[in-house]
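User: Please take a close look at one part of this model and follow its packing into the rest of the chain. State the cut-offs as you go.

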Amino acid sequence: MALVPYALTRPFLFGLDPERAHELTLGSIARLQNTPAQALWARPRVADPLSLAGLDFPNRIGLAAGLDKNGLCIDGLGAMGFGFIEVGTVTPKAQPGNERPRIFRLPQANALINRLGFNNEGLGQFIANVQRARSFRASGGLLGLNIGKNAATPIENAADDYLLGLQGVFPHADYITVNISSPNTKNLRALQSDAALDALLSALQERKLKLEAEQSERSRRVPMFVKIAPDLNEEQIAVIAQTLQNNGIDGVIATNTTVSRESVQGLPHAEEAGGLSGAPVFEASNRVIRLLRAALGSHYPIIGVGGVMSGEDARAKIKAGADLVQIYTGLIYKGPGLVSEAAKAMARV
């Protein structure tokens, strides 16, 4: 079956409400994945293997969490050529998220603003969906599961939700990401502060080590990463880097969306509340990556994400200090071809 150029489908999708377009796209992928129709968007995976945090990544390009919150499309999205896929954020209980409209396109800036608010079907359904995925992981693709807290859970009890999430996803994840950086759950970013972060990561690491010990006969270790915001100053980044190392955390994902609007002032929807993603966060993300690399040393795993719209953007993330790169908004604006373009560009670094 011939590939359908994304340039032909994008005008239709961009003519719809952004969330409606998102739902339609994921719904179609979910129905057609692992069928002959998957050839409509499938791409060969670029081979560029890398061992990191005890995992063997088939290449360095991944899908960021947030696009497939419920893990419905792991195989279909993986067929685009990703070396790794991250799904979620999942919370212990299902929740609807914030009121619609809650996604806004800024096409002049190759950007999105979202204030979805961890809308998801809850941990039980998420795990069931993950267990149904088969072809992506069978082909060597790696799967990250991203956990967060429910909006109704007081911030002082946040660790309870993260521990429930960790317990639930642990048997099914190649790696786990702790999301403390979404701007769309009240007070969540407060968990990035010194004492709060140390307490949360200490509790999570203790539980993870127990889970690993309980299944030691399988010799299976599950790395844990922490996803941080781009809106941090140098001192905050230094504290986070030290806290990650003190607690034996396996790696860091930099970065989530930004609350800054400096680069999109005057554009339609620019003042909508929520996290800004896409091209405007590229430099802010790279700044955080560079600071993390300087603070963490040359061997600490860093996944770079934010504003990758081309192969050269992906190369720039690697040159800033990232080991692996994720995309999200770039996939929406540029289509599946961006996956192989980025993978090929990074393979030349």
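Analyst: The part chosen here is helix α12, residues 337-347, whose buried residues are L338, V339, S340, A342, A343, A345 and M346. Buried stands for under 20% relative accessible area, exposed for over 50% and partly exposed for the range in between, with a 1.4 Å probe and protein chains only. Helices (H or I, at least four residues) and strands (E, at least two) are DSSP runs numbered from the N terminus. The model is predicted, so local features need pLDDT of at least 70 and side-chain atom pairs pLDDT 80 or more, while totals for chains, interfaces and linings use all residues. Residues are numbered from 1 along each chain as its sequence is written, and side-chain values use heavy atoms, without hydrogens and water.

The buried residues of α12 pack against β3 (61-63), α10 (311-320), β13 and α11 (329-334); contact here means heavy atoms within 4.5 Å. Of these elements, strand β13 (residues 324-327) leads on to β12, to which it is joined by three bridges in a parallel arrangement. Two strands are said to pair if DSSP finds at least two bridges between them. At this junction I303 is placed opposite L324 of β13.

Strand β12 covers residues 302-305, and both of its faces are covered: I302 and G304 are buried on one side, I303 and V305 on the other. β12 also runs parallel to strand β10 (residues 251-254), again with three bridges, and there I303 is the bridge partner of I253. I303 thus has partners in β13 and in β10. After β10 the backbone has a cis peptide bond from A254 to T255, with omega near 15°; T255 is placed in the loop between β10 and β11 (275-278).

A second cis peptide bond runs from R100 to P101, with omega near -5°. P101 belongs to the loop between β4 (84-90) and β5. Strand β5 (residues 103-106) points I103 and R105 one way and F104 and L106 the other, and all are buried. Its pairing with strand β6 (residues 111-114) is antiparallel, over four bridges, and places R105 opposite L112. The two strands make a hairpin with four residues between them, and N110 in the turn has a positive phi of about 50°.

Positive phi values also occur at two other residues that are not glycines. N34, at about 65°, sits in the loop between α2 (18-32) and β1 (50-52) and counts as partly exposed because its relative accessibility is 28%. A53, at about 55°, lies in the loop between β1 and β2 (55-57) and is buried at 18%.

L77 in helix α3 (residues 74-78) counts as buried because its relative accessibility is 1%. Leaving aside neighbours within four places in sequence, L77 is in contact with I29, L63, L67, D68, F82 and I85.

For the whole chain, the secondary structure amounts to 12 helices and 13 strands, and 58% of the 349 residues are buried. Among contacts with a separation of 6 or more, 73% link residues 24 or more positions apart. The C-alpha trace spans about 50 × 50 × 40 Å along its principal axes.
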